[in-house]
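The exercises below concern contacts, buried area, cores and salt bridges. Try each task before reading its solution.

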Amino acid sequence: MEQHATISAEGLTKIYEDGVCALDHVSFAVKPGEIFCLLGGNGAGKTTAINIFLGFIPPSQGVAKIHNVDIHRDPLEAKKYVSYLSDVVMLYPNFTARQNLDFFARLGGKHALTRDDYYTALRRVGLQEKAFEQKLKGFSKGMRQKVGLAIAIIKESPAIILDEPTSGLDPKAANEFQTTLLGLRAQGKAILMSTHDIFRAKEIADTVGIMNEGKMLAIKSRKELEHEDLEQLYLNYIHGKVAA
Amino acid sequence: MLRILVEKELRDILYSTKFSITFGASALLVMLSFYVGIRNYQESMREYESAKSVNVSTMATLTDWNGVQHKVFREPEPLQVLVNGVANDVGRTTDMRVRGELSLFNSRYSVDPLFAVFRFLDLNFVIAIVFSLFAILFGYDAINGEKESGTLKLVFSNAVSRADFILGKLFGSILALIVPLIVPFLVGCLMVIGFGVPISADEWIKLLLIILSGFLYFGAFLAVSIFISAVVSKSSVSFLFSLVVWIFSVLIIPKTSILVASQIAKVPNVDAVDAQKRKFLNQQLAGRQQKMQQFMQSATFDEGFSNRFNAFNDSISKIYEKERETFFQRLNEDWRNKKEWQERWAFRLSRISPTAIYQIASSNLAGTDVALKQRYLEAVNKYQEQFGEFMMKKGVSMGGMRVVIRSSGQQTQEEQPKPINVSELPQFVETRENVAAAFSRAVPDLGFLVVLNIVLFAAGFVAFLKFDVR
């Protein structure tokens with residue numbers, strides 16, 4: 001596996017207690033300054049892979065590493081180097097956007113941040129100024145997603161994991177989100193993002209991993225995809241028209 | 001990390017609507033319980049002082065110590081009105097007699113039966129009933145609620161250990177519960193001082209210990225509700241389970257344990273014991289009458305008759321009194337032993353419930369535990385010895401009949417009998433239990449509360465280790 005990968009999976013396998021194989025010897029690597037999109041439909045194994053990377057479930061086989069730390073062996077150490085954003089960001093409704101940011105920043109090891117630092121992060125993700133000190137109770141999904149992204153940014157971790165981050169966002173919000181993500185890539189972050197949005201994946205991914213039924217069918221670089229119809233390629237792979 | 005989590009939990013609760021409601025209700029109830037307690041204490045003191053004064057003024061009109069019908073009264077204690085315990089069920093007045101069995105009557109509830117139905121709103125009630133409910137309200141969704149709201153996943157995507165998280169939940173919630181208790185409690189203390197209730201240093205310490213035991217008590221409820229929230233996946237279901245636990249702990253177990261104990265350890269009822277006593281007294285009376293008849297048949301009615309009669313009367317009175325005392329003592333002791341055995345069973349069984357443990361501990365600290373009656377009876381029995389000796393010195397008969405021969409004719413002003421000097425009577429002083437004695441009686445239950453907190457928290461922690469945070 002790549003030596004400099006910030007996020008890496010080696011033969012990652014997950015078989016649940018009921019015998020369902022959710023991941024079958026999946027391997028990939030995400031280097032600094034790279035956006036890696038896990039592309040697949042429901043039940044492809046994307047979320048299972050992410051859950052293993054976040055230490056929520058142990059792998060049945062294989063190793064998942066963040067910043068070269070085995071997440072299963074030393075989850076607390078590995079999690080220091082990763083930020084996470086889910087498809088539906090749910091935060092503490094009694095806290096304001098800034099208070100939520102403050103709590104999660106401190107959880108992520110950032111203890112000396114000022115109010116200005118929080119405001120800067122919130123501005124960066126495009127949250128309206130008037131919402132900074134408002135309670136999360138009345139926030140829309142898009143607004144919550146922005147705060148979630150600010151949380152991921154402010155931790156300044158080398159790895160960022162995003163689970164279907166743009167699902168349910170309106171086009172404007174999705175576009176703003178994409179812009180921020182590209183900015184993070186430029187900063188050298190290794191970004192692992194699961195999505196079933198083929199167009200978004202083609203647009204921003206440096207590498208696309210096509211998954212189906214727990215298997216990594218193909219890993220294609222941006223260069224390889226330049227002259228390909230990703231949608232057709234994806235369908236070909238999942239229908240078995242192309243050998244994995 | 002723990003500090004951050006505790007702080008977050010505390011702030012999350014403090015900013016919530018449920019905290020505002022809890023704080024408002026707690027502040028009102030705690031301050032009201034202090035106010036009601038203070039007013040009750042003042043009223044009880046007025047009644048106590050007035051009863052004492054009526055007792056003295058009634059005796060002051062007498063000219064012969066033989067006619068004295070002395071009463072002693074249980075002095076109200078400030079802590080008893082904050083933690084009622086059995087204080088309102090136990091009689092407050094005792095008819096003092098030279099000899100014989102003493103009993104207590106005129107309890108607060110016998111005078112105000114309405115209060116017996118609804119009971120007083122004391123601090124103990126607020127902690128035992130209301131705060132335990134608040135503890136459940138704060139803890140029932142501690143784990144599964146965060147999962148439902150989606151924040152659990154985000155929290156655990158950071159370097160947070162499960163131990164830190166659950167400890168943060170527990171400590172944060174406890175601190176959030178302490179605020180609604182401490183603030184009005186301090187106001188209540190100022191009210192106590194402001195209204196001039198005489199609380200000694202020992203009693204302040206006892207009150208502090210009662211509050212501390214209250215913290216341990218709702219800590220147990222928090223731990224149990226956190227445990228349930230780590231076992232049950234839906235917060236609505238865990239609320240239901242927590243409520244069932246609360247109902248069992250507060251309402252069912254304490255009452256059921258008494259019923260079960262009464263089946264395990266049977267105790268004859270007081271009426272049966274009284275019937276045995278009456279039967280014995282009737283037998284004694286018959287025997288006494290027979291002896292008296294024999295005496296009278298052989299008596300010579302000369303000048304020395306009254307002295308001989310009184311000497312005979314005293315001698316048989318002594319014998320009968322001794323017999324009666326021995327019989328009653330045996331009967332009472334037997335009944336008390338059985339009762340204590342039953343009480344022990346009831347307490348053992350009730351200690352399944354944190355509410356019962358807390359109530360036993362707090363009433364022990366306040367001196368309003370079930371032994372209050374016995375302790376007070378011991379005090380009045382001790383006083384009875386002093387009183388008896390005093391009355392003997394004043395020539396009062398020990399019982400039975402007495403013959404007094406007076407010369408006939410007009411009495412001059414000088415010969416008029418003088419009123420008795422009531423101040424000569426020995427004073428009944430009820431010693432208040434010191435903090436060490438009260439604490440030593442409360443220690444086992446305080447220990448139980450500590451153990452219960454540890455066990456329930458450990459159970460919650462183990463359950464949380466298996467909890468799927470996804």
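Contact means heavy atoms within 4.5 Å. This is a predicted model, in which local features need pLDDT of at least 70 and side-chain atom pairs count only at pLDDT 80 or more, while totals for chains, interfaces and linings use all residues. Residues are numbered from 1 along each chain as its sequence is written, chains are lettered from A and ligands numbered from 1 in the order in which they are written, and side-chain values use heavy atoms, with hydrogens and water left out.

**Exercise 1. A glycine in a loop**

Task: Locate B:Gly100, classify it as buried or exposed, and list what it touches.

Solution:
- Step 1. B:Gly100 sits in the loop between strand S2 (93–96) and strand S3 (104–105) of chain B; helices (H or I, at least four residues) and strands (E, at least two) are DSSP runs, numbered from the N terminus.
- Step 2. Buried means under 20% relative accessible area, exposed over 50%, and partly exposed in between (1.4 Å probe, protein chains only). B:Gly100 has a relative accessible area of 17% and is therefore buried.
- Step 3. Leaving out residues up to four places away in sequence, B:Gly100 touches B:Glu321, B:Arg324 and B:Gln384.
- Step 4. In sequence, B:Gly100 and B:Glu323 are 223 residues apart, yet their C-alpha atoms are 11 Å apart in space.

**Exercise 2. Three salt bridges within chains**

Task: Describe the salt bridges B:Glu321 to B:Arg324, B:Arg441 to B:Glu433 and A:Asp206 to A:Arg222.

Solution:
- Step 1. A salt bridge is a side-chain nitrogen of Lys or Arg within 4 Å of a carboxyl oxygen of Asp or Glu. Over all chains, the search finds 29 of them.
- Step 2. For B:Glu321 and B:Arg324, the closest N and O atoms are 2.8 Å apart. The two residues are about one helical turn apart because they lie three residues from each other in helix H13 (residues 305–350) of chain B. B:Glu321 is buried, at 9% relative accessible area.
- Step 3. B:Arg441 and B:Glu433 meet at 2.3 Å, N to O. Both ends are partly exposed: B:Arg441 at 25% and B:Glu433 at 22%.
- Step 4. A:Asp206 and A:Arg222 meet at 3.9 Å, N to O. This pair links distant parts of the chain, 16 residues apart: A:Asp206 is in the loop between helix H7 (198–204) and strand S9 (207–212) of chain A, and A:Arg222 is in helix H8 (residues 222–225) of chain A. A:Arg222 is partly exposed, with 33% relative accessibility.

**Exercise 3. The interface**

Task: Characterise the interface between chain A and chain B by residues in contact, area and polar pairs.

Solution:
- Step 1. The contact involves 27 residues of chain A and 26 residues of chain B.
- Step 2. Buried area is the accessible area (1.4 Å probe) that two parts lose on being put together, summed over both. Here the value is about 2500 Å², with 61% from carbon and sulfur atoms. On the chain A side, A:Phe56, A:Tyr92 and A:Leu107 lose the most area to chain B, together 26% of what that side buries.
- Step 3. Two salt bridges are counted between the chains. A:Asp102 forms a salt bridge with B:Arg11, the closest N and O atoms being 4.0 Å apart.
- Step 4. Ten residue pairs, both at pLDDT 80 or more, are in polar contact (a pair of N or O atoms within 3.5 Å; within protein, one must be able to donate a hydrogen and the other to accept it, and residues adjacent in sequence count only if both atoms are side-chain atoms).
- Step 5. Strand S6 (82–85) and helix H3 (97–107) of chain A each supply at least two residues of the side that touches chain B. H3(A) gives the most, with six residues.

**Exercise 4. The cover of H3(A)**

Task: How many residues of H3(A) are buried, and what covers them?

Solution:
- Step 1. Eleven of the eleven residues of H3(A) are buried; among them are A:Asp102, A:Arg106 and A:Leu107.
- Step 2. The cover includes helix H4 (115–124) and helix H5 (141–154) of chain A, together with helix H1 (2–14) and helix H8 (151–156) of chain B.
- Step 3. Just after H3(A), A:Gly109 takes a positive phi of about 95°.
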